[in-house]
Amino acid sequence: MEQQQKKNPPGRPKKFKNAKQFERQVSDLIGKLRAEGAAITPEAIAAYLDVDIKTLWNYGHAEGYEEFFPVARRLMREVQADFIDKSLSGKYKSSVAIFLMKNNFGYTDRQELVVTGFDIEF
């Protein structure tokens, strides 16, 4: 009887074999960026890891990457905290911080209005 070969999923293989390898690389990078006082941005992280920004997004959201979700989400919390800290300390202009938070974390300027108290009878 012939042995069944395991088929590889379509697309390019994952850059990181497991979450521990991914976490090690991410932790090293965050430490390096903090030591240099450099911005911790998704783009800088993707460049350092030699992946596309969409690949970095996949590690935090896409089906098939579930093992990596906790590490990727912790990474994005680090990025968000860095944006906020540097904005409040004056290192980033507020307009830059607002732009980055809206584009990377879904922040909005929109206000939700709820109108109540109208009883209409016909």
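**Note on a five-helix predicted chain**

1. Ala44 sits in helix α2. The model is a predicted one, and this alanine is a handy entry point. With a relative accessible area of 26%, Ala44 is partly exposed, because that value falls between the 20% and 50% cut-offs. Beyond its neighbours up to four places away in sequence, Ala44 touches Leu29 and Ala39. Leu29 lies 15 residues from Ala44 along the chain, with 9.4 Å between the two C-alpha atoms.

2. Now the overall layout. There are five helices and zero strands. Read from the N terminus, the order is α-α-α-α-α. Helices cited below include α1 at 19-36, α2 at 42-49, α3 at residues 53-61 and α4 at residues 69-88.

3. Check the dimensions before treating this as a globule. The chain has a radius of gyration of 21 Å, whereas a compact globule of 122 residues would be near 14 Å. The C-alpha trace spans about 80 × 55 × 20 Å along its principal axes. Buried residues account for 27% of the 122.

4. Sequence-distant contacts are present all the same. Take the contacts in the chain with a separation of 6 or more: 54% of them join residues 24 or more positions apart. Several such pairs appear in the points that follow.

5. Surface and charge. The accessible surface is about 9,800 Å², and carbon and sulfur atoms hold 52% of it. The chain carries 19 positive and 17 negative charges. The mean positions of the two sets are 8 Å apart.

6. The aromatic residues deserve a look. Nine aromatic pairs turn up in the whole structure. One of them joins Phe16 and Tyr59, edge-to-face, at 5.8 Å centre to centre and 75° between the planes. Phe16 lies in the segment before α1 and Tyr59 in helix α3, so this pair ties together parts 43 residues apart in sequence. Phe16 and Tyr59 are both buried.

7. What does Tyr59 form with Phe68? Tyr59 and Phe68 make an edge-to-face pair, with 4.7 Å centre to centre and 85° between the planes. Both of these residues are buried as well. Ring pairs gather Phe16, Phe22, Tyr59, Tyr65 and Phe68 into a cluster.

8. Helix α4 supplies three residues for this note. Start with Leu75, which lies in that helix. Buried or exposed? Leu75 is buried, at a relative accessible area of 1%. Leaving out residues up to four places away in sequence, Leu75 touches Val26, Ile30, Ile45 and Leu56. Its C-alpha is 8.9 Å from that of Pro42, a residue 33 places away in sequence.

9. Glu78 is also in helix α4. Which residues does Glu78 touch, not counting those up to four places away in sequence? They are Ile30 and Arg34. Glu78 and Ile30 are 48 residues apart in sequence, yet 8.3 Å apart C-alpha to C-alpha. Ile30 is touched by Leu75 too.

10. Lys86 is the third α4 residue. Why does this lysine count as buried? Its relative accessible area is 11%, and buried means under 20%. Setting aside neighbours within four places in sequence, Lys86 is in contact with Gly37, Ala38, Ala39, Ile40, Lys91 and Tyr92. Ala39 appears in the contacts of Ala44 as well.

11. Two loop residues follow. Glu66 is placed in the loop between α3 and α4. Glu66 counts as partly exposed, at 45% relative accessibility. Its C-alpha is 9.4 Å from that of Ala19, although the two are 47 residues apart along the chain.

12. Asp50 is the backbone point to check. Asp50 sits in the loop between α2 and α3. Its phi is near 60°, a positive value in a residue other than glycine. Most residues other than glycine have a negative phi. Asp50 is exposed, with a relative accessible area of 60%, which is over the 50% cut-off.

Terms used:
Residues numbered from 1 in each chain as written. Predicted model: local features only at pLDDT ≥ 70, side-chain atom pairs only at ≥ 80, totals over all residues. Heavy atoms only, no water. Helix = DSSP H or I, 4+ residues; strand = E, 2+ residues; numbered from the N terminus. Buried < 20%, exposed > 50% of the residue type's maximum accessible area, 1.4 Å probe, protein only. Contact = heavy atoms within 4.5 Å. Rg over C-alpha atoms; globule rule 2.2 N^0.38 Å. Areas by Shrake-Rupley, 256 points an atom, 1.4 Å probe, with all protein chains shown as cover. Lys, Arg positive; Asp, Glu negative; His and termini not counted. Charge placed at Lys NZ, Arg CZ, Asp CG, Glu CD. Phe/Tyr/Trp six-rings, centres within 6.5 Å; stacked < 30°, edge-to-face > 60°.
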